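The following note collects points on the model shown below. Please read them alongside the coordinates.

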Amino acid sequence: MSARVTANRRARKSHRQLARPPFECIALLLQGGGALGAYQAGVYEALSEAHLAPDWVAGISIGAVNAALIAGNPPAARVEKLREFWSLVTARGPWDGLARFAMPPATLRGEFARGLLNQLSAGAALFGGAAGFFAPRMPSVWLQPPGSIEATSYYDTAPLKTTLERLVDFDRINAGETRFSIGAVNVTTGNFLYFDNTTHSIGAEHVMASGALPPGFPAVEIEGEFYWDGGLVSNTPLQWVLESDPRRDTLAFQVDLWSARGALPRTMLEVVTRQKGDSP
C-alpha cells in the first residue's frame, strides 16, 4: 500500500472524528451550471464523510435539483440518491456508442481525445436528450401551435418531474427539518424570487422552475404564474442566505461551478462560459 493511500485513509478517518463546528447554522449553497452539477454531488459526499450535515440547503438551477435530493432524503440516503440521479442523467446513449465506434482506438487517448469525446457526448444530448431529465420535442417546436407551452422550448422536461417525484420526498422537505431555498425568475415581471420551505409548500414544479433555462426548457407554471431559471438573474444563492432573518452565526459552504474570473473569451463557447461566471 502506498504512503499516499495510507495518508488519504487517515485523513478520511480523522474527518469522521471531528465534532460539529460551533456555528448556529451550517448552510450549503449550490450554484447553477448544468452537467457540472455532478461536482456538487461529490462536494456533498465529502461533507457527509466529515459529518457536516447542512441545516440549510439553497440552490439555483441544477443546484436546486441537488438541493432537493439532499433536503428531500434522510442523511444516510442522500449520497446514494445523488449518485442515482447523476448515473441516470449521464448514462451513455446510442449516439455515444456510435461516436466511439466510429473513432479509431488510437485516437481515444490524451486530452484532445477527451475533449473530442466530451463534445460528441454533448452533441448526443443536444439531439437525443438526457435520460430521466429532458427529451426533444416531437414534433419539432417549430411545428407546435403558437401560444402553447410546447411552442416555447426545444425540450420536454416531463421526465425530470417523474425523476424528482421518485427520488425526492417532498413531504420531508415541507416538514422543515432542513431549510430549503431555491431561486427562480417570474417570466412576465422579470422579478427574482426564492421558493423557501418556511413560506411555500414545495413540490417538483418549484425545483423544475428554478432550472427552466430558456429556450431549451419551458417555463413552469406555479399558482398561475410562469417561471424560468433563476440563473438568468443570479446564479448563486449567497445573498439570500446572508440577508434572511433571523440572523444566525452561519458556516456557509458555497459551491461555485463557474468562476467569476477568467481570461478574455476567444470563441463563442468561451463567451457563454464567461457570461455564466459573471452572473451576480
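Are phenylalanine 134 and phenylalanine 217 buried or exposed? Both phenylalanine 134 and phenylalanine 217 are buried (under 20% relative accessible area, against over 50% for exposed and partly exposed in between; 1.4 Å probe, protein chains only).

1. This is a predicted model, in which local features need pLDDT of at least 70, side-chain atom pairs count only at pLDDT 80 or more, and totals for chains, interfaces and linings use all residues. Residues are numbered from 1 along each chain as its sequence is written, and side-chain values use heavy atoms, with hydrogens and water left out.

2. The chain has a mean pLDDT (the predictor's confidence in each residue, from 0 to 100) of 85, and 78% of its residues reach 70 or more.

3. Rings of Phe, Tyr and Trp (its six-membered ring) pair if their centres lie within 6.5 Å; planes under 30 degrees apart count as stacked, over 60 as edge-to-face and the rest as tilted. The count comes to 11 aromatic pairs. For phenylalanine 134 and phenylalanine 217, the ring centres are 5.2 Å apart and the planes at 50°, so the pair is tilted. Ring pairs also link Phe85, Trp86, Phe133, Phe134, Tyr155 and Phe217 into a cluster.

4. Helix H7 (residues 158-167; helices are DSSP runs of H or I, at least four residues, numbered from the N terminus) has Leu160, Thr163, Leu164 and Leu167 buried. Seen down the axis of H7, these residues fall within an arc of 100° (from the directions from the helix axis to the C-beta atoms), so they line one face of the helix.

5. In H3, 10 of the 10 residues are buried, so this helix is largely enclosed by the rest of the structure.

Definitions and conventions. Helix = DSSP H or I, 4+ residues; strand = E, 2+ residues; numbered from the N terminus.
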